Amino acid sequence: MQCVTIYSSDHNVCYEITNSKYRKHFKLSVFMAVQPGDFHFYKKESKVMFLFASVISGVVCGIESRLISVEADVTNGLPGFSMVGYLSSEVKEAQERVRAALHNSEIRIPPKKITVNLSPADIRKAGAGFDLPIAVALLTAYGYIPAEFVKDIFFAGELSLNGELNGIHGILGMVGEAKENGCRACVIPAVNAREGAVIQGIEVYGAGSLEEAVDHLLGRRLLPQSTINIEETFQKAAARRYEDFADIRGQKIVRRAAEIAAAGRHNLLISGPPGTGACVKIRLS
């Protein structure tokens, strides 16, 4: 006869399982298998209750950046995943990316009613940078990550289905806005780490995957802090030669069309014989 005893985090016996039968020692409010052989329990004497969690993220609005509060609520009810908060189509698709990334990172969450809100609701949320903060907010709401571990930390990044973190646009402005609003650190994709490190006075950590980000928050495997030499970077940039519209002589109509296309993100077709500068104008646009 096989007997398996499962312990809670405070080492009190919770269940004794014998041939698929169990004897419960006290009432549990949450049961979550995070990894094979890894169980987390949260005891409550009354009825079952799940938690609410909120983490900080951001979005680019024109030439400015705004901080966004990513709120996650997990409760009993018909299992589902809903997202609200004036979302674009790519943000609505985040639920599928997050679900697959958690699964492929060997993080198991029980099926519950999940509601994610991106606040404030009057700002349109666009881009794929909300994947990481949504995943972290969910794990915090489930109790896998303690709430104090994500306090005053900025999160941004796009998740692949296998859990890897892809780079996003606008990190420099969002990290700067996070610093101005009192954030002490930020966790962003590794490919954006040098860009974010340009902002001084805030700790910048680049993660290559969701697993690395979670391990860093839990203190299992800390990520190295990203740093950059600002003076050296600006010196290299100043010495680099860039193409400029000032190099184009004449052709005012074509220049005007290229400027309008670049400003409004319109399509542009330029045709002409070799040597007339068509390729240069396209690169500048």
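Me: Why are H2 and H3 called oblique to each other?

Reply: In this predicted model, H2 and H3 pack at an angle of about 60°, with their axes 9 Å apart. Angles under 35 degrees count as roughly parallel, 65 to 115 as roughly perpendicular, over 145 as roughly antiparallel, and the rest as oblique. The angle of about 60° falls in none of the named ranges, so H2 and H3 are oblique to each other. As to handedness, H2 passes H3 in a right-handed crossing. On the H2 side the contact is made by Ala94, Arg97, Val98 and Leu102, and on the H3 side by Asp131, Ile134, Ala135, Leu138 and Leu139. By class, this contact of H2 with H3 has 7 nonpolar residues, no polar ones and 2 charged ones.

Me: What makes the meeting of the side chains of Arg97 and Asp131 a salt bridge?

Reply: The N to O separation for Arg97 and Asp131 is 2.6 Å. A salt bridge requires a side-chain nitrogen of Lys or Arg within 4 Å of a carboxyl oxygen of Asp or Glu. An Arg and an Asp at 2.6 Å satisfy that requirement, so the pair is counted as a salt bridge. This pair links distant parts of the chain: Arg97 is in helix H2 (residues 94–104) and Asp131 is in helix H3 (residues 131–141), 34 residues apart.

Me: How do you know whether Arg97 and Asp131 are buried or exposed?

Reply: Buried means under 20% relative accessible area. Arg97 has 14% relative accessibility and therefore counts as buried. Asp131, at 1% relative accessibility, also counts as buried because its value is under 20%.

Me: Why is Glu93 placed in the class it has, given its relative accessibility?

Reply: Glu93 has 45% relative accessibility. Buried is under 20% and exposed is over 50%, with partly exposed in between; Glu93 therefore counts as partly exposed. Glu93 also forms a salt bridge with Arg97, the closest N and O atoms being 3.8 Å apart. That separation is within 4 Å, so the criterion is met.

Me: What makes Asp215 and Arg221 a salt bridge, and which classes of accessibility do Asp215 and Arg221 have?

Reply: The side chains of Asp215 and Arg221 meet at 3.4 Å, N to O, and the limit is 4 Å, so they form a salt bridge. At 9% relative accessibility, Asp215 counts as buried. Arg221, by contrast, has a relative accessible area of 46%, which means that Arg221 is partly exposed. Elsewhere, Glu93, Arg97 and Asp131 are joined into one network by salt bridges that share partners. The structure holds 4 salt bridges.

Me: Why are H3 and H6 described by a word for their direction to each other, and which word is it?

Reply: H3 and helix H6 (residues 210–218) pack at an angle of about 50°, with their axes 11 Å apart. An angle of about 50° lies outside the ranges under 35, 65 to 115 and over 145 degrees, and H3 and H6 are therefore oblique to each other. The crossing of H3 and H6 is right-handed. Leu132, Ala135, Val136 and Leu139 in H3 meet Leu210, Ala213, Val214 and Leu217 in H6. The residues of this contact divide into 8 nonpolar, no polar and no charged.

Me: How do you know that H3 is mostly covered?

Reply: The basis is a count: 11 of the 11 residues of H3 are buried. Among them are Leu132, Pro133, Val136 and Ala141. H3 is followed by Gly143, whose phi is positive, near 95°.

Me: Why is Ser57 called buried or exposed?

Reply: Ser57 has 0% relative accessibility, which is under 20%, so Ser57 counts as buried. The place of Ser57 is in strand E6 (residues 52–61). Not counting residues up to four places away in sequence, Ser57 touches residues including Leu67, Phe130, Pro133 and Phe155.

Me: Where is Leu67, and what is Leu67 in contact with?

Reply: Leu67 lies in strand E7 (residues 64–75). Leaving aside neighbours within four places in sequence, the contacts of Leu67 include Ser57, Pro120, Met174 and Asn181. The C-alpha atoms of Leu67 and Asn181 are separated by 8.5 Å, although these residues are 114 residues apart along the chain.

Key:
Residues numbered from 1 in each chain as written. Predicted model: local features only at pLDDT ≥ 70, side-chain atom pairs only at ≥ 80, totals over all residues. Heavy atoms only, no water. Buried < 20%, exposed > 50% of the residue type's maximum accessible area, 1.4 Å probe, protein only. Helix = DSSP H or I, 4+ residues; strand = E, 2+ residues; numbered from the N terminus. Axes fitted to C-alpha atoms, helices over the stretch in contact; angles between N-to-C directions. Left-handed = near helix turned anticlockwise from the far one by under 90°. Contact = heavy atoms within 4.5 Å. Nonpolar A, V, L, I, M, F, W, Y, C, P; charged D, E, K, R; others polar.
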